[in-house]
Structure formats: C-alpha cells, structure tokens
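Please look through the sequence and the model that follow, and keep both at hand while reading. The paragraphs after them go from pairs of packed elements to single residues and then to the chain as a whole.

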Amino acid sequence: MLFSSCGENKTSTEQTATSTQDSTATAAADTSTASTGSKPVKPAGAAPAWAPNMAPEMQTVIEKLTSLSGPTPPEEQTPAQVRKAPSPTDATMAVMKDFGIPSPPSPLDTMSKEVAPGVKARIYTPRGAQGPLPVVVYYHGGGWVIANLDTYDPSVRALAEKTNAIFVSVAYRQGPEHKFPTAHNDSFAAYQWVLKNAASIKGDPKRVAVAGESAGGNLAAAVCMMARDKGVMQPKYQLLVYPIAGYNLNTPSYLAHTKSKPLNKPFMAWFFQHYLRTPADGKNPLIDLVHAPNLKGLAPATVIGAGIDPLMSEGKTYADKLQAAGVPVNYKLYDNVTHEFFGMGAVVPQAREAEDLAASDLKAALNK
C-alpha cells in the first residue's frame, strides 16, 4: 500500500536490534473482528464525489485520514514530510478509538533479524509454535518510498494468526535514497535468506510463500520472476494485494481515480519519480509486470483488487496474463473500498473478507 505509508516517525524493533525478542509491537488496527460491544461505524458526511458508492466503514476511515492530514497533498511534499504524515493505519486506529473498537491481544511473538547487509526483517511467530511451520516472506507497501514495518503490522498480524505460519516482514531500503533496483534486490536477498535459514526460525524451507501489498505486491511478484530466472526455488505461492504491476498512468482505473484517497494518479507519479532512476526503469519487467515477456513457471497466485484504486486495472491485467501463461490464479475484486483497505479488518468488513480469502489460499498452498 502506499500512503498507508507513513509511520516512519515511529521506532521499530527492527531498527534497534539484530535478534531480540519483542512481543509488544502490536498495531491497534490489527485483527480480523471488531468487538460486538462497539458502536456501528458510520461516516459523518456524504460520500465523496470521487467514490459515491464507497462502503460506509471505508468512508469513515477516509474521513478520519482527511481530518488528520493537512491541506497540502502528499505529491506536493518531500519524502521526508510524507513519511511523517498520518497514514491510513493511523486513521484506522483513530476510528477504532472513536467507535470503541478494542484491539484483542495478538498471539504472536516477534523478533528482529538482519537478513542482508542493510536489510532487516521482523519475524512473527505463532506463540508456542513447535515447528517446522510454513514461512511467508512479506513485503510492505509505500511506493518503494514511504511506510515501514509498523505501518503494515496489522496486515501481517491478521495473516499470521489466520494461517498459523511464520511471517518474515522485510524492511527493504527505499527511494529516493536508494533507487531502483535496490528494493527489488533487497527483497530477493531476504527471500534467499529465508530459504537458507528457515530452520533457525522454526520454519520449513520447503514451504515458503511470498506476499505483499501495493509496492510490496510488486516486490513479491518480482521475487518470483527473479527466483525462476536465477535458478532459485520458486515460492510455493504468491499473494499480491493491489500490486503495482505497470507503468502506464493512463489505464481506465488511473483515469477514473485522479482524486481518490489515499492513492491517486498524481501520488502514484510521485512514487515513480522518487524510486526510479529514469523513466526507462519503468519499462523494466520487474516494474512493468504486465509487459514482462515471460510469466511461465511462476508460483500460483491470489490477486486482490480494490474498486476505488488507480491500480485496479493493472492488477486485473496481470492476473489475466498469469493465467494465460498457465499460472493458477484466484482473482478477487472488492468493489466499494479504496487502496490500503486490506489491513483494516478491525473496522472494514471487506478487509476481513479479503484477509480470510488470502489466508485460506496461503494455508491451502503451504500445507500441501
């Protein structure tokens, strides 16, 4: 995900330790069910003109995000400024507070590991796990520029709890400080680390999947391509949640969502500007997935789309092209929600449905 970015003003355990236990890194937006004692989540105003059919719970989060954010759009700010801005995760947590939705305790232990030079990861392990458990290498969103492990902690916790798998959430290096292909190379290095070291974290090296949201979905897909092309074991499965899959900012969904929140066409152009070295990088198959010359031999996939999202068209196109290349694909579009909805399971019903679908598909593939 992208603007759900931020949170870079927070201190993460992965920034302070190489291998330390940390059971407290819990985001309040985490979990898959809202409390029955909470008030119904209802928006304060009418749906915005850019999304007249938005689900009410989703609209409530967007209203809160708008109220927390200043008047200056993110694409008119510097990466340092946007990294400190309120994120969709922050907005979701604020909505939970407003409507009395508690965050249940999470039955996961976490620790931080350096998995490659300059690359750390937060490892989520089901509490009391004996192993060997399947492992999912997870890549967060943020347009390869913003966001961090804390921003996407709710998504990872929800999936780890539902799959009973170990999740390795990767803090890859970001632009503009580290341009393309740094994040992609870091992501592949983290995947290779997991294959070689799974046993040391109670994992099964023969049951490893990849997953990611937005830019992270792009990275997960790219890791599958890189593994195939470099003769490394292909992941058992790939979960791609509204992935960045192209470099064409004039697809039907881009043109339909020039003003949407938290992601729109101008903001997406901003991400490309800060991560890519030159526009030519946008044509690289690791960025422009939909035009990759060869999609054969890649891991089976679940591709999840959001209806109010400039990335919707390319995500569906990529799912179709994977299927045409002989890759089994389960594609699901959630119509009335925006980009970044996936980790909002505590508030948004469609997010709970998407988390359940993703976890079910991952679990089925990893337990074969």
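In this predicted model, helix H1, which covers residues 56-68, and helix H3, which covers residues 88-98, have axes that come within 8 Å of each other and cross at roughly 110 degrees. Because angles of 65 to 115 degrees count as roughly perpendicular, H1 is roughly perpendicular to H3, and the crossing in which H1 passes H3 is right-handed. On the H1 side the residues that meet H3 are Thr60, Val61, Lys64, Leu65 and Leu68, while H3 contributes Pro88, Asp90, Ala91, Thr92, Ala94, Val95 and Asp98. Sorted by class, the residues of this contact of H1 with H3 comprise seven nonpolar, two polar and three charged.

Staying with H3, one can ask which of its residues are buried. They are Pro88, Thr89, Ala91, Thr92, Ala94, Val95 and Met96, and the buried residues of H3 pack against two helices, namely H1 and helix H4, the latter formed by residues 153-163. Just after H3 comes Gly100, whose phi is positive, at about 70 degrees.

A second pair of helices can be read in the same manner. Helix H5, made of residues 182-197, packs with helix H6, made of residues 215-230, at an angle of about 65 degrees and with the axes 9 Å apart. That angle makes H5 roughly perpendicular to H6, and H5 passes H6 in a crossing that is right-handed. From H5 the contact takes Ala183, His184, Asn185, Ser187, Phe188 and Tyr191, and from H6 it takes Asn218, Leu219, Ala222, Val223, Met226, Ala227 and Lys230. The classes in the contact of H5 with H6 are eight nonpolar residues, four polar residues and one charged residue.

Helix H6 also holds Met225, and here the question is whether this residue is buried or exposed. Met225 has a relative accessible area of 4%, and it is therefore buried, given that the cut-off for buried is under 20%. When residues up to four places away in sequence are not counted, Met225 touches Pro285, Leu286, Leu289, Ala292, Leu295, Leu298 and Tyr318. One of these partners, Ala292, is 67 residues from Met225 in sequence, and the C-alpha atoms of the two are 9.4 Å apart in space.

Thr258 offers another single residue to examine, located in the loop between helix H7, residues 252-256, and helix H8, residues 265-275. Its relative accessibility is 36%, so Thr258 counts as partly exposed, a class that lies between the buried limit of 20% and the exposed limit of 50%. Again leaving aside residues up to four places away in sequence, Thr258 touches Asn264, Lys265 and Pro266. Asp309, for its part, is 51 residues from Thr258 in sequence, with a C-alpha to C-alpha distance of 9.5 Å.

Finally, the whole chain can be considered. The protein chain has ten helices and nine strands, and 60% of its 368 residues count as buried. Among the contacts in the chain with a separation of 6 or more, 80% are accounted for by residues 24 or more positions apart. The chain exposes about 13,300 Å², of which carbon and sulfur atoms supply 54%.

Methods
Residues numbered from 1 in each chain as written. Predicted model: local features only at pLDDT ≥ 70, side-chain atom pairs only at ≥ 80, totals over all residues. Heavy atoms only, no water. Axes fitted to C-alpha atoms, helices over the stretch in contact; angles between N-to-C directions. Helix = DSSP H or I, 4+ residues; strand = E, 2+ residues; numbered from the N terminus. Parallel < 35°, antiparallel > 145°, perpendicular 65-115°, else oblique. Left-handed = near helix turned anticlockwise from the far one by under 90°. Contact = heavy atoms within 4.5 Å. Nonpolar A, V, L, I, M, F, W, Y, C, P; charged D, E, K, R; others polar. Buried < 20%, exposed > 50% of the residue type's maximum accessible area, 1.4 Å probe, protein only. Areas by Shrake-Rupley, 256 points an atom, 1.4 Å probe, with all protein chains shown as cover.
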